[in-house]
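Please open the model in your viewer and keep the selection panel at hand. The tour starts at the ligand and then moves outward through the chain.

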Amino acid sequence: MEQYGFLGLGIMGSAMAKNLLKAGFKVTVWNRSQEKCAEFAALGATVAATPAEVTSSCSVTIAMLADPAAAHAVCFGPEGALEGIGAGRGYVDMSTVDAATAQEIGAAVTGKGGRFLEAPVSGSKKPAEDGTLIILAAGDRGLFDQALPLFEKMGKKSLYLGEVGRGAQMKLIVNMVMGGMMTIFCEGLALADKAGLECSDLLDVIDAGAMANPMFKLKGAQIGQENFATAFPLKHMQKDMRLAVALGDQLGQPLFSASAANESFKRARSQGFSDQDFSAVFKAIAS
Ligand code: NAP
């Protein structure tokens, strides 16, 4: 039976790797903070000491890391993933990064005879737990086909978008829209509160009409209860806004709303909300 690798056991990676184990795949895990591996050993995973140990012993290795710096460090660092990549081995980076980072990692992997696929995901902690993510893959088509049985345990829909970089771009654009929606939503909630309107009434009005969506429904109720328990860390949302604005720069597309939303998330980070849920941008907006 084939052995699969998994690098990065954060909020998303831990839920995704658990779904692979539950489905009966043989998985070797690694995480920078080694203590997070213990529960995976209890679930039957093999625990590796370095990313290189994972990639050299697995036919396909998945990475789910914080940001471009983390994806870069795990690939290129000492005893990093690249050291273990040999002919035919697959590396699937599911982290949200910019296209240039995905292309740099992809070129390094293929330069060593390996195969590379980027596959960032849309969907948060709950869809990761439920195995209902949307997977936005691009790169080696054969590796996509090979990884599909794994994707089917982690997600409900897997798209193949073409050459490396297309997945990153699609993901950043989707999250840019989400970040913009969240900030205007929070401004509405803050304005309603200052006007003396009941926020619950505003939520009801929005939910009854054409603007209704699951995110406003879920996050609106949580904001009302001052519940900012982290599903999607605010620092990662701001990273995605920053990378989307940079993509706009690169392509000459004005992004007035996204740039303004990015400033709100930056302000929330400077106020200490980085590790809270991205809906905590409400506190920076309402203050
Ligand atoms: P997270 O909980 O912060 O986990 C980040 C992971 O990256 C951890 O395993 C962390 O290791 C590792 N890491 C960070 N810096 C590192 C470094 N320099 N070297 C090695 N490992 C490093 O984040 P997450 O929510 O799981 O998100 C993971 C990725 O998925 C991000 O790109 C995010 O944008 C994207 N994403 C998240 C969501 C969501 O709702 N949460 C949804 C879609 C996409 P430690 O455990 O040692 O810190």
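**Around the ligand**

In this predicted model, begin by selecting helix H1 (11-22), helix H4 (68-76) and helix H12 (234-251), each of which supplies at least two residues of the shell around the ligand. Then widen the selection to the whole shell, where 26 residues surround the ligand and the closest are Asn 31, Ser 33, Lys 36, Ser 124 and Lys 239. If you colour that shell by residue class, it divides into twelve nonpolar, nine polar and five charged residues.

Next, display the contacts to oxygen atoms of the ligand, taking the side chain of Lys 239 to start with, where an N or O atom is 2.8 Å from a ligand oxygen. Two backbone contacts can be added to this view: a backbone N or O atom of Leu 65 lies 3.0 Å from an oxygen atom of the ligand, and a backbone N or O atom of Gly 10 lies 3.4 Å from a ligand oxygen. Switching to a surface display, you can consider that the ligand on its own has 910 Å² of accessible area, of which the protein covers 88%.

**The two domains**

Now colour domain 1 (3-163) and domain 2 (169-286) separately; both give residues to the shell around the ligand, so the ligand lies between them.

Select residues 4-162, which an unreviewed UniProt entry annotates as "domain: 6-phosphogluconate dehydrogenase NADP-binding"; over this span the chain is 44% helix and 24% strand, with the end C-alpha atoms 24 Å apart. Then select residues 165-284, annotated in the unreviewed UniProt entry as "domain: 3-hydroxyisobutyrate dehydrogenase-like NAD-binding"; this span is 72% helix and 0% strand, and its end C-alpha atoms lie 33 Å apart.

**An aromatic pair**

For the last stop, show the aromatic rings, among which the structure holds six aromatic pairs. One of them is formed by Tyr 4 and Phe 25, in an edge-to-face arrangement with 5.6 Å centre to centre and 90° between the planes. Because Tyr 4 lies in strand S1 (residues 3-7) and Phe 25 in the loop between H1 and strand S2 (26-30), the pair ties together parts that are 21 residues apart in sequence.

Technical notes:
Residues numbered from 1 in each chain as written. Predicted model: local features only at pLDDT ≥ 70, side-chain atom pairs only at ≥ 80, totals over all residues. Heavy atoms only, no water. Near = heavy atom within 4 Å. Polar contact = N/O pair within 3.5 Å; in protein donor to acceptor, adjacent residues only side chain to side chain. Areas by Shrake-Rupley, 256 points an atom, 1.4 Å probe, with all protein chains shown as cover. Helix = DSSP H or I, 4+ residues; strand = E, 2+ residues; numbered from the N terminus. Nonpolar A, V, L, I, M, F, W, Y, C, P; charged D, E, K, R; others polar. Domains from an automatic or database assignment. UniProt positions renumbered as here; feature names shortened; annotations may be inferred. Phe/Tyr/Trp six-rings, centres within 6.5 Å; stacked < 30°, edge-to-face > 60°.
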